[in-house]
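Here is a friendly briefing on a sheet, the helices that pack on it and a set of aromatic rings. Please keep the model open while you read.

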Amino acid sequence: MAIRKSNKLSQATVLKQILKRCSSLGKKQGYDNEDYCLPIDVPKGHFAVYVGENRTRYVVPISFLTHPQFQCLLQQAEEEFGFDHDMGITIPCEEFVFQSLTSMIRC
């Protein structure tokens with residue numbers, strides 16, 4: 001019996017790619033120095049996303065990346081906007097939906 005290789009990347013690989021993209025955003029936006037490449041208001045272990053029509057900025061913990069509901073939002077973001085742009089990760093949902101989801105994840 002032949003084993004088929006999946007064209008889809010493993011979940012761990014996808015999460016590593018997302019983290020790599022997030023960590024490179026600071027360099028693209030001019031925050032790069034020898035010791036620190038992210039904006040000062042993004043603590044270690046967190047990343048910024050932009051939500052809603054007004055692109056409100058939220059700083060969320062990296063641990064959110066392991067939650068299936070947040071992964072669905074990231075997949076929607078990739079489909080709609082892609083991750084390869086200078087403006088940061090934009091989540092395509094209304095702010096109240098994002099706030100409800102993140103408060104549920106924190107519990």
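A residue is called buried when its relative accessible area is under 20%, exposed when it is over 50%, and partly exposed in between (1.4 Å probe, protein chains only). Helices (H or I, at least four residues) and strands (E, at least two) are DSSP runs, numbered from the N terminus. With those terms in hand, start at strand β1 (residues 46-51): 5 of its 6 residues are buried, so the rest of the structure largely encloses this strand.

This is a predicted model, in which local features need pLDDT of at least 70 and side-chain atom pairs count only at pLDDT 80 or more, while totals for chains, interfaces and linings use all residues. Residues are numbered from 1 along each chain as its sequence is written, and side-chain values use heavy atoms, with hydrogens and water left out.

**The sheet**

- Two strands pair if DSSP finds at least two bridges between them; on that basis, 3 strands make an open sheet in the order β2-β1-β3, with mixed pairing.
- The edge strands, β2 and β3, each pair on one side only.
- From one strand to the next, the twist averages 40°; axes here are lines fitted to C-alpha atoms, for helices over the stretch in contact, and angles run from 0 to 180 degrees between N-to-C directions.
- β1 and β2 (residues 56-61) run antiparallel and are joined by 6 bridges.
- These two strands form a hairpin with 4 residues between them, and Gly52 in the turn has a positive phi of about 80°.
- On the other pairing, 3 bridges join β1 to β3 (residues 89-91), and these strands run parallel.

**Around Tyr50**

- Which residues stand opposite Tyr50 in β2 and β3? Arg57 does so in β2, and Thr90 in β3.
- Tyr50 also has the charged end of Arg55 over its ring, 4.7 Å from the ring centre; the rule asks for NZ of Lys or CZ of Arg within 6 Å of the ring centre and within 35 degrees of the ring normal.
- Elsewhere on β1, His46 stands opposite Pro61 in β2.

**Helices on the sheet**

- Helix α2 (residues 68-80) lies across β1, β2 and β3, running at about 110° to β3.
- Helix α3 (residues 95-106) packs on the sheet and touches β1, β2 and β3 (contact means heavy atoms within 4.5 Å); its direction makes about 15° with that of β2.

**Aromatic rings**

- Rings of Phe, Tyr and Trp (its six-membered ring) pair if their centres lie within 6.5 Å, with planes under 30 degrees apart counted as stacked, over 60 as edge-to-face and the rest as tilted; the count comes to 4 aromatic pairs.
- Tyr58 and Phe98 form a tilted pair, 5.0 Å centre to centre with 50° between the planes. This pair links distant parts of the chain, Tyr58 in β2 and Phe98 in α3, 40 residues apart.
- Tyr58 is buried at 17% relative accessible area, and Phe98 is buried at 1%.
- Phe70 and Phe98 have ring centres 6.3 Å apart and planes at 55°, so this pair is tilted. Phe70 in α2 and Phe98 in α3 are 28 residues apart.
- Phe70 is buried too, with a relative accessible area of 0%.
- Ring pairs link Phe47, Tyr58, Phe64, Phe70 and Phe98 into a cluster.
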